[in-house]
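Dear colleague,

I am handing over the structure below, and after it you will find what I found on going through it. Please read the notes with the structure open beside them.

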Amino acid sequence: MREQLANIRAQALSAVESAGTAAELDALRVQYLGKKGELTAVLKQMGKLSPEERPVMGQLANDVRAALEEALSRQGSILEARALEQRLRDEAVDVTVPGKPVKLGRRHPMYIALDEIKDIFIGMGFTVLDGPEIELAELNFDRLNAGEGHPSRDWSDTFYFDEDSRVMLRSQTSPMQVRAMDTMELPIRIIAPGRVYRKDEVDATHSPMFHQVEGMVIDKNVTMADLKGTLNTVVEKLYGKGTKTRFRPHHFPFTEPSCEMDVQCHKCGGVGCPTCKGEGWIELLGAGMIHPKVLQMSGIDPEVYSGWAFGMGLERTAMRRFKIADLRLIFENDVRFLEQF
Ligand code: PHE
């Protein structure tokens, strides 16, 4: 039995030392120390021994077991360390490999201009509103004092969704005036940028979709002087100090009096050139004092409150700001053009 134990010890220890995986170690543990294992089998023969031999063999068997367990756990740790090292090697990241360059996009020139406009108005205490491009004709026309029969409601100018001309693509951002009056507390100071749609053929200055920025102020004692002062300030901030403007009388159904504001041509300084079509001035926006009927339709007493509004073409503003000659460049998204801003 002494020999048997010595053999088991030698075999088992060498097997454990050469085990390459945790699974192999487990199998060896079962093979030698398990219930039906080889060491256990030897121990079962203890009964046959003499009482003097029994404790000696018992001690010997315990030593073998202890040595085996120690070897198993040592080899286990070695394998674990080896596996960790392998994983670290496999998952290593070579930080010296050059990266793939990411192509950075840039802001569209029109949105650069819009952000500048927003900044200017936010600085003056205005709130920026966003509204639907699919609009009710009631808000785009009726509530703006352009009732049935008004020429701008014509099917040849407007994209309608239904036979009875109730739902349409908004032709101006002015319905946002109505939406603001219907939902906001007085006094109101808002701008509302967004897309508008008209049945225009595409050319250097026209597109069936373009952008406007609506602006509106309603408070007590608001006058045309406030309108002019505010818009002049905006123009100087956009185009530089000393930029000249001029206000011409005009007509809009929802303002009274109404005007258009021109900016002196940046190219010729007012003398007249191809950019301003010989006029010396470039039209920038329509504006006016909000018609008392429009205030009334929104439940605002025109005896107590007054207001002004304007609607500015955003493409036109960006074209002037960046000296872009053709409106189509703004929408074609040719990277060679966009990269310049
Ligand atoms: N909505 C008008 C247009 O599209 C512009 C405008 C807005 C005029 C507000 C006066 C007041 O031409």
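In this predicted model, the axes of helix 5, which covers residues 109–123, and helix 8, which covers residues 224–239, come within 10 Å of each other and cross at roughly 135 degrees. An angle over 145 degrees would count as roughly antiparallel and one of 65 to 115 degrees as roughly perpendicular, and helix 5 and helix 8 are therefore oblique to each other. As for the handedness, helix 5 passes helix 8 in a right-handed crossing.

The next topic is the ligand and its surroundings. There are 14 residues around the ligand, and among these Gln172, Ser174, Arg198, Gln212 and Gly311 come nearest. Three side chains can be described in finer detail, starting with Ser174, which has a polar side-chain atom 2.8 Å from a nitrogen atom of the ligand. For Arg198, a polar side-chain atom lies 2.9 Å from an oxygen atom of the ligand, and for Gln212 a polar side-chain atom likewise lies 2.9 Å from an oxygen atom of the ligand. Taken alone, the ligand would expose 330 Å², and the protein buries 90% of that area.

Which elements give two or more residues to the shell around the ligand? They are strand 5 (209–219), strand 8 (281–290) and strand 9 (306–313), and strand 9 provides the largest share, with 3 residues. Sorted by class, the shell holds 5 nonpolar, 7 polar and 2 charged residues.

Some details of the backbone also deserve a look while you have the model open. The peptide bond that leads from Leu186 to Pro187 is cis, with omega near -5 degrees, and Pro187 is found in the loop between helix 7 (175–183) and strand 4 (188–197). A cis peptide bond also leads from Glu256 to Pro257, again with omega near -5 degrees, but here the proline, Pro257, has its place in strand 7, which covers residues 255–264. Finally, Ser165 has a positive phi of about 55 degrees although this residue is not a glycine, and Ser165 sits in the loop between helix 6 (137–140) and strand 3 (167–169).

With best regards

Terms used. Residues are numbered from 1 along each chain as its sequence is written. This is a predicted model: local features need pLDDT of at least 70, side-chain atom pairs count only at pLDDT 80 or more; totals for chains, interfaces and linings use all residues. Side-chain values use heavy atoms; hydrogens and water are left out. A residue is near a molecule or strand if one of its heavy atoms lies within 4 Å of it. A polar contact is a pair of N or O atoms within 3.5 Å; within protein, one must be able to donate a hydrogen and the other to accept it, and residues adjacent in sequence count only if both atoms are side-chain atoms. Accessible areas come from the Shrake-Rupley method with a 1.4 Å probe; for residues, only the protein chains shown count as cover. Helices (H or I, at least four residues) and strands (E, at least two) are DSSP runs, numbered from the N terminus. Ala, Val, Leu, Ile, Met, Phe, Trp, Tyr, Cys and Pro count as nonpolar, Asp, Glu, Lys and Arg as charged, and the others, Gly among them, as polar. Axes are lines fitted to C-alpha atoms, for helices over the stretch in contact, and angles run from 0 to 180 degrees between N-to-C directions. Angles under 35 degrees count as roughly parallel, over 145 as roughly antiparallel, 65 to 115 as roughly perpendicular and the rest as oblique. A crossing is left-handed if the near helix is turned anticlockwise from the far one by less than a right angle, and right-handed if clockwise.
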